[in-house]
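Q: Please take a close look at the salt bridges of this structure. Explain where the partners lie and how far each is covered.

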Amino acid sequence: MVETFNLIQLWATPFPRGEGFYFHLYALGFFIAIYASWIHLSSWVDDDVDTVGLDAKFWNIVVISGAIVGGLVFWSCPKPILSFAGLILGAFAPIGVYIYFRNLEVPEEGKLFTPAHFQSLAEKYLKMRFDSESAKASKNIPIRFIGKSEDKNKPGGDSKISRVEDSEYYQVALEVIYEAFQMRATDVHLEPGKEEMSVRFRIDGIMNQREPLTRQTGDAMVNILKVLANLDISEKRKPQDGSFSAEVLDQPSDEKEDDAPKKKAKKPTILDFRVATAGSVAGEKMVLRILDGSKSMGSLKKLGMRDKLKDQIEAIVNQPHGMLIVCGPTGAGKSTTLYACLSEIDRFQKNVITLENPVEYQIENVTQIEINPKAGKTFASELRSILRQDPDVIYVGEIRDKETAEISCQAAQTGHMVFTTVHANDSVTAFGRLLDLGVAPFMIANSVSAILSQRLVRVLCPKCKVKYRPNPEILKKFNLSPDKHEFFYKAKSEVNQEEKNDSPPCKNCGGTGFRGRSGVYELLILNETIKNLIRDNPSVGAIREEAVRTGMKYLQEDGLRQVVAGNTSIQEILRVCK
């Protein structure tokens with residue numbers, strides 16, 4: 001009984017405690033916050049280390065070991081300041097060391113904890129705006145926007161221009177447009193995302209991703225371009241079309257005026273922009289088509305045609321009547337080819353009228369009419385009216401419906417030379433396209449003189465293209481002799497991708513391996529046999545057999561000529577000519 005009482009008394013007596021060995025609420029909260037931050041950052045290191053290419057096992061051991069040491073210091077050190085400092089250093093110092101070494105492996109724009117990185121974070125999360133060195137230098141960009149209603153020869157003075165110039169995002173628009181001009185882009189795509197505005201350039205027919213803009217900056221830039229194109233900035237769902245221009249001035253030289261040699265001032269380059277907007281789930285998308293108005297109308301010699309084909313086209317173009325149809329997908333250069341055909345005509349002795357939507361290039365001594373369906377000016381209605389204008393040559397931008405096709409065929413049969421385009425995969429299927437529109441077979445046979453199908457292939461960069469020995473099976477497939485065609489060429493970018501090289505990109509082509517484009521062609525000339533096949537029984541197979549028998553070269557066959565000459569690669573021909 002006594003022993004039981006002593007135990008109860010001992011249990012009720014408070015235990016003597018000294019200093020330490022207790023939990024402080026604030027200290028525990030601090031530890032949990034540091035630990036949670038460390039978990040997030042260590043998870044990022046584990047993902048990032050594989051992307052950068054460093055040793056994942058080594059850096060994971062370093063990060064975890066540092067956290068363990070910091071935790072031991074925190075719980076064992078009696079001094080609060082030292083324990084807190086030990087926890088922070090143990091948890092974050094190894095991650096800081098990792099960031100230092102990963103910055104040595106990545107390009108400048110991918111580095112962390114740099115002034116540019118902190119500015120981008122402030123712009124993204126704090127909605128702050130900074131003038132970087134590139135932004136300060138861009139204030140001297142040699143380009144000037146010209147609104148739709150402004151006179152291109154009068155600098156300034158347009159109220160729309162003065163309104164957008166006051167915007168803080170005006171400089172961003174200048175930068176993007178000038179970069180597109182320098183990189184030879186034909187289209188600029190501004191595509192909204194959840195947090196960013198994607199910027200893509202179409203260069204040599206291929207889309208190229210550029211540095212994205214913040215969503216706020218991208219939306220502001222779209223509004224600026226809509227003001228220039230005289231569009232409604234409050235309407236963001238319905239599609240809108242417009243246009244504006246820009247003047248690219250001669251770039252200033254870094255040389256002093258006294259040292260620089262006297263040279264004739266260059267004429268400013270005038271760029272015309274076709275603007276198209278469309279509403280999407282994420283926001284308003286904008287596409288700009290860039291037309292260089294300073295470029296002169298090309299000739300058939302510059303289009304990459306072989307000599308025999310060029311002579312055949314010239315003979316067809318100079319016929320007194322008939323119809324030349326150029327077919328191919330969008331972006332295949334059909335309009336450029338027909339412009340070159342117009343350059344072969346004596347426009348001073350013939351009355352040449354064009355119907356276009358829209359007019360892309362101004363042609364001297366040619367009456368150019370722009371189609372405007374919203375105002376009731378369609379291809380069919382305008383074609384009827386110009387037939388009363390005594391034309392010798394008529395250029396119809398595109399045949400889209402039965403009425404336009406029939407009027408064009410009738411014009412070709414009544415003493416007019418008609419140039420037009422049709423969307424078709426090759427020259428033979430263009431007949432099927434006209435038949436699908438409802439044109440009578442006899443009308444096609446009596447009016448069409450020839451059909452030219454074409455594609456554009458990228459030209460290998462002359463400064464970085466690589467010579468290689470082709471596979472004998474490839475040569476056999478295309479009926480080429482290994483003795484005569486011992487070497488072909490391919491793009492340096494393709495070699496780097498195959499061999500996983502990281503050599504510096506070529507400055508001439510920007511690392512793509514290609515610069516410029518050339519055409520590959522398939523010409524079908526209608527002889528009497530083909531015309532009879534069309535009248536009697538329009539069979540695509542029979543027409544193709546007769547065309548090949550009379551000397552028609554397929555697109556791939558004409559493309560191989562470019563490969564053998566070293567102008568392009570087999571991979572490019574197979575990509576374009578399927």
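A: In this predicted model, the side chains of Asp558 and Arg306 meet in a salt bridge, with a distance of 2.5 Å from N to O. Asp558 belongs to helix H20, which spans residues 555-564, while Arg306 sits in the loop between E8 and helix H10 (307-317), so the pair ties together parts that are 252 residues apart in sequence. The two partners may also be described by their accessibility. Asp558 has a relative accessibility of 3% and therefore counts as buried, since that term applies to values under 20%. Arg306, at 23% relative accessibility, counts as partly exposed.

This pair is part of a wider set, for the structure holds 20 salt bridges. Another of them joins Arg102 and Asp48, whose closest N and O atoms are 3.0 Å apart. Here Arg102 is located in helix H4 and Asp48 in helix H2 (residues 25-52), so this salt bridge ties together parts that are 54 residues apart in sequence. Both Arg102 and Asp48 are buried.

A further salt bridge connects Glu191 with Lys285, and the closest N and O atoms of these residues are 3.3 Å apart. Glu191 lies in strand E2 (residues 187-192) and Lys285 in strand E8 (residues 284-292), so the pair ties together parts that are 94 residues apart in sequence. Glu191 counts as buried, because its relative accessibility is 15%. Lys285, in turn, counts as partly exposed, because its relative accessibility is 27%. Glu191 and Lys285 are also members of a network of salt bridges, in which they are linked with Arg200.

A nonpolar part of the surface may be set beside these charged pairs. Phe113, Phe118, Leu121, Tyr125 and Leu126 form a nonpolar patch on the surface, and together they have about 570 Å² of accessible area. One of these residues, Phe113, is found in the loop between helix H4 (80-103) and helix H5 (115-125). With a relative accessible area of 52%, Phe113 is exposed, because that term applies to values over 50%. Helix H4, which precedes the loop of Phe113, is also the helix that holds Arg102.

To return to the pair with which this account began, Asp558 is the buried partner and Arg306 the partly exposed one.

Technical notes:
Residues are numbered from 1 along each chain as its sequence is written. This is a predicted model: local features need pLDDT of at least 70, side-chain atom pairs count only at pLDDT 80 or more; totals for chains, interfaces and linings use all residues. Side-chain values use heavy atoms; hydrogens and water are left out. Patches are made of residues with over 30% relative accessible area and no salt bridge: like charges are joined within 9 Å, nonpolar side chains (Val, Leu, Ile, Met, Phe, Trp, Tyr) within 5 Å. Accessible areas come from the Shrake-Rupley method with a 1.4 Å probe; for residues, only the protein chains shown count as cover. A salt bridge is a side-chain nitrogen of Lys or Arg within 4 Å of a carboxyl oxygen of Asp or Glu. Helices (H or I, at least four residues) and strands (E, at least two) are DSSP runs, numbered from the N terminus. Buried means under 20% relative accessible area, exposed over 50%, partly exposed in between (1.4 Å probe, protein chains only).
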